[in-house]
Amino acid sequence: MASRSLRLLLLGSLGVLCCRKATGISIETDNKNVKAEEFKEAILSCKHKFSKGMSLRIEWKKIQSQGVSFVYYNGDFTGDLKDRAEMLNTGIRIRNVTRKDSGTYRCEISAKSEEGQRLGEATITLTVLVPPTTPVCEVPSSAMTGTVVELSCKETEGSPPSEYQWYKNGVPLLQKTGTGSARAANVTYTMNKKSGTLLFNTVTKNDTGEYFCEASNGIGLPQKCSVRRMQVDDLNVSGIIAAVVFVALVMALCGLGVFYAQKKGYFTKESSSQKKSNSQAMSEKDFKHTKSFVI
């Protein structure tokens, strides 16, 4: 009998605990991943199921890599949100959002009850969407057939990151090569829409044309760089051979000229005249020395 009473007491205690857990603090949000365009507003919802009239303490924090900072504390907003945010019950509205507002926010609500202090929280991620800016494109003005050539396109302001599309003579280029229409068209390039590169493993004269790149991320209008022309020419082998032959002829003529001058004795005569002038100078010095000795 005592054992049965103890068992009933334990079950009753567990039932009370279950009820307390079920009716405990509960924080919800309408959207855990909020997206808002730059310079518009964002609403971060935070809802609770406390009874009316209970004493609540509400705090909002931003979780960053360098630590946690307060957004709403002691009944007031802090930092750069001080003049751009307002409370919506226990949620917040941020006006004129910027890319710096992107991040993870945490809503924390505490309440006093008969069982003591209770705390609940909800985490919300805010992503501020930013349209792309004009990309920076690098297109070589000239190239030789058979060489490796890479064109690049990049912009860093867009959020989410932009994807890139290359155009030749106003026509969009295919993304993949080697199959289907790309093989039939003898395409010699590989285009990477994520990195913005356009790689020619073996550029040909058919790749000559006017190129530009377009960046887009689904926010605002796509942006493109200015059109640039790439001229592909064959390697002028005959011209290189002619230049080499010309240099060889000039060197040969110079060598023949030196040989002819030596054979005619031009260099020998010059050295003889130098020796004669040197001997005359020595004779004059000897004469002056003898004259001073006689005196």
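Which residue has its backbone oxygen 2.9 Å from a polar atom of the side chain of N217? The residue is P160, and the legend to Figure 5 returns to this place. The model shown is predicted: local features need pLDDT of at least 70, side-chain atom pairs count only at pLDDT 80 or more, and totals for chains, interfaces and linings use all residues. Residues are numbered from 1 along each chain as its sequence is written, and side-chain values use heavy atoms, with hydrogens and water left out.

**Figure 1. Overview of the chain, with its four helices and 21 strands.** Helices (H or I, at least four residues) and strands (E, at least two) are DSSP runs, numbered from the N terminus. The chain has 295 residues, of which 27% are buried. Buried means under 20% relative accessible area, exposed means over 50%, and partly exposed lies in between, with a 1.4 Å probe and protein chains only. About 19,900 Å² of the chain is exposed, and carbon and sulfur atoms supply 57% of this area. Accessible areas come from the Shrake-Rupley method with a 1.4 Å probe; for residues, only the protein chains shown count as cover. Of the contacts between residues at least 6 apart in sequence, 60% join residues at least 24 apart. A contact means heavy atoms within 4.5 Å.

**Figure 2. The disulfide of C46 and C107.** A disulfide is a covalent bond between the sulfur atoms of two cysteines. Here a disulfide is identified as a pair of cysteine sulfur atoms within 2.5 Å, and a search of the whole structure finds three. In the pair C46 and C107, the sulfur atoms are 1.9 Å apart. The link is left-handed, with -70 degrees about the S-S bond. C46 lies in the loop between β3 (42–44) and β4 (47–48), whereas C107 belongs to strand β10 (residues 103–113), so the pair ties together parts that are 61 residues apart in sequence. Both cysteines, C46 and C107, are buried.

**Figure 3. The disulfides C137 to C225 and C153 to C213.** The sulfur atoms of C137 and C225 are 2.1 Å apart. The torsion about their S-S bond is about -95 degrees, so this disulfide is left-handed. Distant parts of the chain are linked here: C137 is in strand β12 (residues 136–138) and C225 is in the loop between β20 (223–224) and β21 (228–233), 88 residues apart. Both C137 and C225 are buried. For C153 and C213, the S to S distance is 2.1 Å. With a torsion of about -80 degrees about the S-S bond, the disulfide of C153 and C213 is also left-handed. C153 lies in strand β14 (residues 149–154) and C213 in strand β19 (residues 209–216), so this pair ties together parts that are 60 residues apart in sequence. C153 counts as buried because its relative accessibility is 2%, and C213 counts as buried because its value is 0%. When the bonded cysteines of the chain are numbered in sequence order, the pairing reads 1-2, 3-6, 4-5.

**Figure 4. An open sheet of four strands.** The order of the strands is β12-β14-β18-β17, and the pairing is antiparallel. Two strands pair if DSSP finds at least two bridges between them. The edge strands are β12 and β17 (189–192), each of which pairs on one side only. From one strand to the next, the twist averages 5 degrees; axes are lines fitted to C-alpha atoms, for helices over the stretch in contact, and angles run from 0 to 180 degrees between N-to-C directions. Four antiparallel bridges join β17 and strand β18 (residues 197–200). N192 has T197 in β18 as its bridge partner.

**Figure 5. Surroundings of N217, in the loop between β19 and β20.** N217 counts as buried because its relative accessibility is 13%. The side chain of N217 reaches the backbone oxygen of V130 at 2.8 Å, and the backbone oxygen of P160 lies 2.9 Å from a polar atom of this side chain. A polar contact is a pair of N or O atoms within 3.5 Å; within protein, one must be able to donate a hydrogen and the other to accept it, and residues adjacent in sequence count only if both atoms are side-chain atoms. Leaving aside neighbours within four places in sequence, N217 is in contact with residues including P131, P132, G158 and S162.
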